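Please work through the exercises below with the sequence and the model open beside you. Each one sets a task and is followed by a solution in steps.

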2 protein chains.
Amino acid sequence: MEAYLTLVATDSYAAGALILSNQLRDLGSTKEIVCLVTPNISSHIQDLLSKICTVIQVDSIRSKDFDNLQLLGRPELDITFTKIQLWRLTQYKKIVYLDADTFPLKNIDELFDRPSFSAAPDAGWPDCFNSGVFVTEPSETAFNELLALSSEQGSFDGGDQGLLNSYFSSWSTSPSQRLPFTFNTTPTSQYGYAPAHNQFGHNISIIHFIGQNKPWKYQRFSDGKVLPLGSAWEGLRNMVQEW
Amino acid sequence: MEAYLTLVATDSYAAGALILSNQLRDLGSTKEIVCLVTPNISSHIQDLLSKICTVIQVDSIRSKDFDNLQLLGRPELDITFTKIQLWRLTQYKKIVYLDADTFPLKNIDELFDRPSFSAAPDAGWPDCFNSGVFVTEPSETAFNELLALSSEQGSFDGGDQGLLNSYFSSWSTSPSQRLPFTFNTTPTSQYGYAPAHNQFGHNISIIHFIGQNKPWKYQRFSDGKVLPLGSAWEGLRNMVQEW
Ligand SMILES: O=c1ccn([C@@H]2O[C@H](COP(=O)(O)OP(=O)(O)O)[C@@H](O)[C@H]2O)c(=O)[nH]1
Ligand SMILES: O=c1ccn([C@@H]2O[C@H](COP(=O)(O)OP(=O)(O)O)[C@@H](O)[C@H]2O)c(=O)[nH]1
Ligand SMILES: [Mn+2]
Ligand SMILES: [Mn+2]
């Protein structure tokens, strides 16, 4: 069995998971959609989620690496270690993981044809992958190894991305595991190379709103128009508008 | 014959070319170093350059695509089309091109063993390459095709990088042409993924100071210490300090 999977570890990200799940359906996917939730998620939100996806409860796992999270400027990402529990879901043969702050623009079912493990480059350091979108196969062994790695070495960025890059370290030299950047386009990274967005933007399959300004944080006018947040580029505002 | 090649199209970049050439020698390379200069470069600066490298005069070629350059925020990059004249230098079999704002930290002669055309991903859109560092073989045909492309289609970013990415468009799907990001690490791109710089920084072979804040623009105290410019990350200041 195959499934899309996302994660809601704090109530505020539920908006993302709901929009994401709806969008997958709107784009015509009939795959199962799974949402991992932690015990702190309010029951009202779990009810909402369960209308559109399979809700699976997991424990919170936190990184304790505050130094690296501070370097990243994102203390709240300690909770992203929770993500590794998806490798325990061996009832699914293949999983396409999507962060709750991702938003597909096209049907992406073709991702299930990609080998495990596949991911797209991270714009900050393109020899690492970004861990907001990936294709993988659950395996209890992988879960145990990830858990061991996290307690022995921790994560070089304090979040799941550093941990996963250390574990799947063959990614950078293995071309078949590399997804095009259009499957994890991060318009919020500040050196955005705007001309490339113009040139290749029509190819974008998944937008990923990395960083602090999540689309659900923007204020909207009564006609639905988004109020710009920060000094962001106009193209980004259009993408948030679409969300 | 093989050569490193850089470009000085305005006097202000000469500091970069001089430091770069000296650094290549300090790191033990005995390869020829060539600097392309345009007619506007003052004779005093040409004299200085010719003490350390082979100076070759070329015409200025300018892009007229001000819309895309504005999108990039870099109107001055119209002159980077001048770069394509390196493909005319068929007296060299293989060239390692380095922007004047690059700074090697290790001997990089191994780049001459890479296939033509090789380049590293651009941090803004990692399915494009950054055109500040590349390995190529001069060819009159390539030059003529680049010239034709530039007048027929222009460049999607208004500078050489857009043009070269359109011409060498197989790069993104051809793993053997991909240089590690450590051969063109761009610490000035603002989403810098600082933890990755900490983790992999010791592997960096070439720093590339992309953007407006070139290392020669920083003020320095009398003891040589650099005065921070803009809101840049501390790791960047250390790299400018090293320049
Ligand atoms: O407070 C949090 C932080 C993270 N997440 C989950 O972990 C993912 C990764 O965090 P985030 O997307 O904020 O990281 P970024 O993509 O900005 O690096 C989110 O998309 C959510 O699925 C969450 O539920 N609550
Ligand atoms: O006014 C200019 C602009 C560019 N260049 C040359 O063209 C290269 C590319 O420009 P730059 O490095 O400023 O572009 P960036 O790397 O910031 O995109 C420079 O390194 C120089 O070799 C130059 O000589 N004078
Ligand atoms: Mn995310
Ligand atoms: Mn440059």
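The exercises that follow deal with the ligands, the interface, a salt bridge and the cis peptide bonds.

This is a predicted model, in which local features need pLDDT of at least 70 and side-chain atom pairs count only at pLDDT 80 or more, whereas totals for chains, interfaces and linings use all residues. Residues are numbered from 1 along each chain as its sequence is written, chains are lettered from A and ligands numbered from 1 in the order in which they are written, and side-chain values use heavy atoms, with hydrogens and water left out.

**Exercise 1.** Describe the surroundings of ligand 1.

Step 1. Taking a residue as near when one of its heavy atoms lies within 4 Å, one finds 17 residues around ligand 1, and the closest are Leu7(A), Ala9(A), Thr10(A), Tyr13(A) and Lys214(A).

Step 2. Next, look for polar atoms facing the ligand, a polar contact being a pair of N or O atoms within 3.5 Å; within protein, one must be able to donate a hydrogen and the other to accept it, and residues adjacent in sequence count only if both atoms are side-chain atoms. A backbone N or O atom of Ala9(A) is 2.7 Å from an oxygen atom of ligand 1, while polar side-chain atoms of Arg74(A) and His208(A) lie 2.9 Å and 3.0 Å, respectively, from an oxygen atom of this ligand.

Step 3. On its own, ligand 1 has 510 Å² of accessible area, of which the protein covers 92%; such areas come from the Shrake-Rupley method with a 1.4 Å probe.

**Exercise 2.** Which residues come nearest to ligand 2, and which polar atoms face its oxygen atoms?

Step 1. Leu7(B), Ala9(B), Thr10(B), Tyr13(B) and Arg74(B) come nearest among the 17 residues around ligand 2.

Step 2. A polar side-chain atom of Lys214(B) lies 2.9 Å from an oxygen atom of ligand 2, a side-chain N or O atom of Asp99(B) lies 3.1 Å from an oxygen atom of the ligand, and a polar backbone atom of Ala100(B) is 3.1 Å from one.

**Exercise 3.** Characterise the interface of chain A and chain B.

Step 1. With contact meaning heavy atoms within 4.5 Å, 35 residues of chain A touch 35 residues of chain B.

Step 2. The two chains bury about 3200 Å² between them, with 71% of it on carbon and sulfur atoms; buried area is the accessible area (1.4 Å probe) that two parts lose on being put together, summed over both.

Step 3. Two residue pairs are in polar contact across this interface, both at pLDDT 80 or more. Helix 3 (66-72), helix 5 (160-167) and helix 6 (194-200) of chain A each supply at least two residues of the side that touches chain B, and helix 6 gives the largest share, seven residues. Helices (H or I, at least four residues) and strands (E, at least two) are DSSP runs, numbered from the N terminus.

**Exercise 4.** Where in chain A do Asp160(A) and Lys83(A) lie?

Step 1. Their side chains form a salt bridge at 2.7 Å, N to O, the rule being a side-chain nitrogen of Lys or Arg within 4 Å of a carboxyl oxygen of Asp or Glu.

Step 2. Asp160(A) belongs to helix 5, whereas Lys83(A) is in the loop between helix 3 and strand 4 (94-98), so placed that the pair links distant parts of the chain, 77 residues apart.

**Exercise 5.** Locate the cis peptide bonds of Phe117(A) and Phe117(B).

Step 1. The bond from Ser116(A) to Phe117(A) is cis, with omega near 0°, and a cis bond also joins Ser116(B) and Phe117(B).

Step 2. Phe117(A) is in the loop between strand 5 (102-104) and strand 6 (118-121) of chain A, and Phe117(B) lies in the loop between strand 5 (102-104) and strand 6 (118-121) of chain B.
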